[in-house]
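Have your viewer ready, with the sequence panel beside it. This is a walk from selection to selection, with a note on what you will find at each stop.

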Amino acid sequence: MYDFQSVVERRGTTSIKWHMIEDDMGVGSEDVIAMSVADMEFKPAPEIVEALVEAAQHDIFGYDYATDGYFRALTAWMSRRHNWDIDPAWVSLSDGVMPAVNTALRAVTHPGDKVILQGPVYYPFTAAAEHNGLTILDNRLILGDDGRYVMDFDDLEAKASDPRCTALMLCNPHNPVGRVWSADELRRLGDICIAHGVTILADEIHADFAYPGHDVTMFGTLGERYAGHCYEFTAPTKTFNIAGLLCSNVITVNPELKRAFDVAAENIAGLTVSHFGLVACQAAYERAEPWLDALMGVLADNLSLLREFAERTPGLRLIEPEGTYLAWLDCRGLGFGSADELRDFMRDRARVYFDEGVLFGENGAGFERVNLACPKALLKQVLDNIAVALSQRA
């Protein structure tokens, strides 16, 4: 019913992911494959496109508001997919998760405060902290011998107890390591933050992606005590590959925190959602669920292909993802002397452009983040390129 196997040519379009190759590598990079930015190489669900076409033909593109229909679609999605009955009064809108995260930081921190991140982590978190004049406390994740990352709760307690620490930025599921944090892990994190007055900013944009055996627990479902200490950021943009349409939701149960967010937004003249973003979001949540269910099978198949490649390639280890459509590939066994050498090998020899692990923090050096949301033929070409380059290196 849905086409997830046709390769769509995105070179020469306005795609950031493909254009940055030309920017970084210049002439002669036309054969380099983009595997970096976390958008998909799939066309969005036809149900979304149909809604957009209808809107384009009949609507006037003036100043919009989110209708009751929009909120019905959002709340029904949260209830159906995440067992969370939210009140529309808790929701603030934004054109994107990171603008909303930055706004929330301005709402609950002051320049000179400290914020906890859990590296290796989505690198715009680092930029958000720096842009808001905050000192980063790196509560680094621990990679166990079993190939699974866990939180360092003793270190988290120590950092949260710093009187200048006022916020923690949580990635749930975690980008790039792929952990789906358990309810127990989230409660323990929440207990520490609540005890020390640290507000939690939970980026849950990947919450719709979980592999069998791993259920995403949205932070607000842990109970009123936890939900009241948190901002939660969600969006259909990763789920349905519509990031360019600019639509996200901030769910804030605590009315004081919500008021602080809304005031911070007003102080920058407000956060707005695009007309087509509202249309696409509502259509996605109301009509495109079968597309997502089909996509999950494609992602699982691509993950199997990557897993088999890592198992037969000396020096590689797949950090098994529990969620997201990203995979964290441990390349430290390949013997490169630095992160720069690994990057240059992948780009110049294997002709693949990843988001390098070191972008996510110092403890990401030697890793590559692999985007699984692409046609199988494209992923196979990436892996074949790496295999040939490694054989020539040997």
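Start by selecting Pro 173, which sits in the loop between strand S7 (165-171) and helix H7 (183-195); helices (H or I, at least four residues) and strands (E, at least two) are DSSP runs, numbered from the N terminus. The peptide bond between Asn 172 and Pro 173 is cis, with omega about -5°. Stay in the loop between S7 and H7 and pick Pro 176. A cis peptide bond links Asn 175 and Pro 176 as well, here with omega about 20°.

A word on what you are viewing: this is a predicted model, in which local features need pLDDT of at least 70 and side-chain atom pairs count only at pLDDT 80 or more, while totals for chains, interfaces and linings use all residues. Residues are numbered from 1 along each chain as its sequence is written, and side-chain values use heavy atoms, with hydrogens and water left out.

**Two backbone angles**

Most residues other than glycine have a negative phi, and most peptide bonds are trans. Now select Leu 246, in the loop between H9 and strand S10 (248-251). Leu 246 is not a glycine, yet its phi is positive, about 60°. With 38% relative accessibility, Leu 246 is partly exposed (buried means under 20% relative accessible area, exposed over 50%, partly exposed in between, with a 1.4 Å probe and protein chains only).

Next, go to Thr 324, in the loop between strand S11 (317-319) and strand S12 (326-330). Thr 324 also has a positive phi, near 70°. Is Thr 324 buried or exposed? Its relative accessibility is 0%, so Thr 324 counts as buried.

**Strand S14 and its partners**

Select residues 367-371, which form strand S14. Five of the five residues are buried, so the strand is largely enclosed by the rest of the structure. In a regular strand the side chains alternate between the two faces of the sheet. Turn on side chains: Phe 367, Arg 369 and Asn 371 point one way from S14, and Glu 368 and Val 370 point the other way.

Add S12, which runs antiparallel to S14 and is joined to it by five bridges (two strands pair if DSSP finds at least two bridges between them). Trp 328 is the residue opposite Arg 369 in S14. Then add strand S13 (residues 352-356), which pairs with S14 in the antiparallel sense over two bridges. Here Glu 356 faces Glu 368 in S14.

**Salt bridges**

While S13 and S14 are on screen, pick Asp 355 and Arg 369: they form a salt bridge whose closest N and O atoms are 3.0 Å apart (a side-chain nitrogen of Lys or Arg within 4 Å of a carboxyl oxygen of Asp or Glu). Asp 355 is buried at 3% relative accessible area, and Arg 369 is buried at 2%. Across the whole structure, a search finds 30 salt bridges.

For another, select Arg 80 and Glu 289, with closest N and O atoms 2.7 Å apart. Arg 80 belongs to helix H3 and Glu 289 to helix H12, so this pair ties together parts that are 209 residues apart in sequence. Arg 80 is partly exposed, at 41%, and Glu 289 is buried, at 17%.

**Two pockets**

Finish with the pockets; a pocket is an open set of points on a 1 Å grid over the protein atoms alone, where a 1.4 Å probe fits, with protein on both sides within 12 Å along at least five of seven lines, and lining residues have an atom within 4 Å of a point. The largest pocket has a volume of about 1100 Å³, a volume being the space filled by probe spheres set on the points, which are joined across faces, edges and corners. Which residues lie nearest its centre? Of the 44 lining residues, they are Val 37, Asp 39, Ile 242, Ala 243 and Gly 244.

The second largest pocket has a volume of about 300 Å³. Of its 15 lining residues, select Arg 81, His 82, Ala 207, Asp 215 and Val 216, the closest to its centre. Helix H3 (68-82) and helix H12 (289-312) each supply at least two residues of this lining.
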